[in-house]
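The following paragraphs lead the reader through selected parts of a structure, beginning with the surroundings of a ligand and ending with a pair of helices.

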Amino acid sequence: MLELVVIGNGMVGHRLVQALCDRDSAGEWHITVLGEEARPAYDRVALSSYVDGVSAEDLTLPSLTVDLHLGDPAVAVDRDARRVTTESGRVLPYDALVLATGSVPFVPPVPGRDLPGCFVYRTLDDLDAIRAAAAEAVARPGAGRRSAVVVGGGLLGLEAARALRSLGLSPQVVEIAPRLMPVQVDEGGGALLRRLVESAELAVRCGVSVNGIAEDRGRLVATLSDGVELDADLVVFSAGIRPADALARAAGLPVGERGGVLVDERCRTSDEHVWAIGEVAALEGRTYGLVAPGYAMAEVVADRLLGGRATMTPEELDMSTQLKMLGVDVASFGDAQATTPGALEVVVNDPVAGTYAKLVVSDDARTLLGGVLVGDASKYAALRPLVGSPLPADPVAMIAPGGVELGADALPDSAQICSCNAVTKGAVVHAIGDGADTVPALKACTRAGTSCGSCVPLLKKLLVDSGVQVSKALCEHFAFSRAELFEIVASTGIRTFSGLVDEHGTGRGCDICKPAVASILASLGTGHVHDGEQAALQDTNDHFLANLQRNGTYSVVPRLPGGEVSPEQLIIIGEVARDFGLYTKITGGQRIDMFGARVEQLPAIWRRLVDAGFESGHAYGKSLRTVKSCVGTTWCRYGVQDSVGLAVALELRYRGLRAPHKFKSGVSGCARECAEARSKDFGIIATDQGWNLYVGGNGGFTPRHAELLASDLDTATLVRYIDRYLMFYIRTADRLQRTAPWIESLEGGLDHLRAVVVEDSLGIAADLEAAMEQHVGSYADEWRGVLEDEEKLARFVSFVNAPDTPDPLVRTREERGQRVPVALGLPGVGA
Amino acid sequence: MTATETSVRWTTICPLERLLPERGVAALVGDVQVALFRLHDGSVHAVGNVDPFSGAAVMSRGIVGDRGGVPTVASPVYKQAFSLVDGRCLDDADVSLPSYPVRVEDGQLDVGLPW
Ligand SMILES: Cc1cc2nc3c(=O)[nH]c(=O)nc-3n(C[C@H](O)[C@H](O)[C@H](O)COP(=O)(O)OP(=O)(O)OC[C@H]3O[C@@H](n4cnc5c(N)ncnc54)[C@H](O)[C@@H]3O)c2cc1C
Ligand code: SF4
């Protein structure tokens, strides 16, 4: 048996041993591991979660059956005799030696750096020490919040600052470079990152260094190069790392210019029995401070030790990083700093939206080399696999908000289209080639799109890309898209389903086209949704003006415009819920939902609510749901406009408006955005000049932030723009298409929308406004409409031959003091 | 329908006018829930009211239409379509609703349940 000694029990050393144990089925190697730290190998990448309460055990990597000596570092390597000596005096002969000693924090040589209260940020022991010092500082009597200085504003420095903050200190980050995270992001990205980090209440000073640290009445004072003095209870150095190569140097192994044991593409040092991997290794002179390249090196050495021929080149090492720093998305990939000769940079910087994106492309603008994303890293997954490949689209459009969707065509074959069922693009394309030419056919043969369904649009795109004509037909009864049908209804004056299907369709419709036609008719203002033949078109929610829940009962939601409700009204809601035994819950949209009403109870419930001044909240229809609001100038110290007043006005204006999909809005009284207006189909944020209008947020399965359509509007202009926007959406969107994908589907995207809404480029603005006026003028409460009409009321019975007998299948039990449904059995229950 | 007068018991449900064209109603016959539909062409159909996929008694509240010429009702819960002629589910061959004979006498709608 051959002897392998691994020096270092960190993440990469551990991976090597794991890979070797897995593959050495013949038992060729006997492995001894030496660790300087007294603990078994742990996940250093997740180190910061330790201060959030993740335990050391949780971070520990799976244990392996090898001779492991912890707390006993190697102190000498005798290469001639092929022996390692440890601190405790152990002598270990080897046939192969792997150096995996990682790196040590770099502490700049400033006076005072050894004072008590100064720390580095690398190991669990470091964090224990920091935690103890922080606890002591916080407990110390005296006014004010305890503070800390973090030396270094790179990835680790920011992580350390965040950790210090969760330990109750106020951290100040001092970065010598002019920007944060100088290694991963560029100037523009760094500037935005700084703004975002500062709005997370972290103080940052860039372009200055720490010149010295001194003790001052039991605390520390850090003096900066610009003369500023910062008081601190703790100082944490995270100013970079240096490869832990002392042992190798002493053993006479060549090291790189900037440290690190020189290795070749096999990870072998100049000594054929000695290998180096991870942060201590310098491949072609360069060291790598990330775990992924280290893991790749570990795999190469494991392969080599078993006689394999694996190699690696710097180009193959994945230096991409994606992280969420204090809630800020940051990603960098490939040649993020544009070091390739002739490389071109394409930047889209949107300080208003808080996003920065850069692509680095080759000198002929054909190949993607790398990039940086700050603020919104959602395109990372699509961009990273493209590094080194030809650009699929104009680079600006690839990163511009509302630009080309980096969808199916840009993705490599190995990219996962359906992550629920792990179906790759290759598999889908293959299936299309084999004749699956519709989405249902693709679903059946690949399982893609059968779970959450969020990839169905991508499947459609792949079909289109493959030249398959995807039918726009609504269903077997109409060969038209919803937008086309809308135009037909609007221009022909046909106002019944029968008329429409007779003239322009076939058969008697189905659950797809009937509600779509119902919605079109409702948008065109054709009276109560139950009038005449329209009653038969409505799906169950619109038919019963309430929301069908899983056990066949309904939920009832009165409108609370802007979320405002009087104490008197609150009491009525409480009384109704109590008297009818309804489960109550505050919804996600600032309303009160009452669950568990049976069909025959609905009119009596509405009667009480309508009498108290409530209207239908349209929680059921594909219609306006809520306009959420914060408290704005009325109450809030920061408010610059009356967000509640506007929200109430907008909710009343658009109540009852039917659309291709349900839609929501929000109004925030200032840029602090307490109403989360940017996650809505249209959202409004007050500025001290007026209102900013954002559109296309939410997105359903694929969450999206709304984008700025127009800024600093007065209220009248704002309302006019929203009228146009909503009506344009209602007229041209597909069935069940939310505003976000609708905007994406517009040729020209957001810019086109802006042209239509703001500049009236199509000359239809007056038309759209008139249509909205008609809706607003003809609005009537649908609940009241039923209560006032005996014939409609007669439909609200449990059984036509036993109108007051409750559905015997509806049963409830108690949970947390309220009534909830007993789960119904599946096939065959009761009947 | 193959059911004969002797094998079913007829129950009068309601006047036929109570049924809007292409909109169902639920009826309770003993402890059996039935969903009754009157179609555009005037024909009347009855199937079980309990949706086999959700267990909820809601079939009468589904949207009526046709698929490839077969008159259907779609479950309002998970949207599977069922034939109004024989109750079979058009989206899952293993599932079906019970279907019942109906007749109209003197403007009254009767449904026949097995003895
Ligand atoms: C807070 C923090 C956050 C990080 N976040 C990320 C991230 O998000 N993404 C990412 O890719 N990387 C991240 N890293 C970097 C990543 O942890 C390292 O790249 C990785 O751990 C390197 O693995 P390694 O095995 O080479 O070194 P290490 O994990 O440091 O292991 C080396 C081990 O060798 C031991 N040792 C040293 N000398 C001797 C000796 N003479 N004898 C015996 N043992 C010795 C050391 O004590 C140490 O335990 C982060 C690092 C830190 C500290
Ligand atoms: S968004 Fe502004 S105005 Fe509204 S509550 Fe928040 S801080 Fe106050």
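In this predicted model, ligand 2 is surrounded by residues of chain A, namely Cys630(A), Gly632(A), Cys636(A), Tyr638(A), Gly639(A), Ser668(A), Gly669(A), Cys670(A), Arg672(A), Glu673(A) and Cys674(A). Sorted by class, this shell around ligand 2 comprises five nonpolar, four polar and two charged residues.

One member of the shell, Cys674(A), may be considered in greater detail. An unreviewed UniProt entry assigns the feature "binding site" to Cys674(A). Within the fold, Cys674(A) lies in the loop that runs between strand E33 (663-668) and strand E34 (682-687) of chain A. Is Cys674(A) buried or exposed? Its relative accessibility is 61%, and Cys674(A) therefore counts as exposed, the cut-off for that class being over 50%. When residues up to four places away in sequence are left aside, Cys674(A) touches Cys630(A) and Ser668(A). Both Cys630(A) and Ser668(A) also belong to the residues around ligand 2.

Attention now turns to a helix pair. Two packed helices are described by the angle between their axes and the distance between the axes. In chain A, helix H10 (residues 425-433) packs with helix H11 (residues 439-446) at an angle of about 115 degrees, and their axes are 10 Å apart. The crossing of H10(A) and H11(A) is right-handed. On the side of H10(A), the contact is formed by Ala427(A), Val428(A), Ala431(A) and Ile432(A), while H11(A) contributes Leu442(A), Cys445(A) and Thr446(A). By class, the residues of this contact between H10(A) and H11(A) are six nonpolar and one polar, with no charged residue.

Terms used: Residues numbered from 1 in each chain as written. Chains lettered and ligands numbered in written order. Predicted model: local features only at pLDDT ≥ 70, side-chain atom pairs only at ≥ 80, totals over all residues. Heavy atoms only, no water. Near = heavy atom within 4 Å. Nonpolar A, V, L, I, M, F, W, Y, C, P; charged D, E, K, R; others polar. Axes fitted to C-alpha atoms, helices over the stretch in contact; angles between N-to-C directions. Helix = DSSP H or I, 4+ residues; strand = E, 2+ residues; numbered from the N terminus. Left-handed = near helix turned anticlockwise from the far one by under 90°. Contact = heavy atoms within 4.5 Å. UniProt positions renumbered as here; feature names shortened; annotations may be inferred. Buried < 20%, exposed > 50% of the residue type's maximum accessible area, 1.4 Å probe, protein only.
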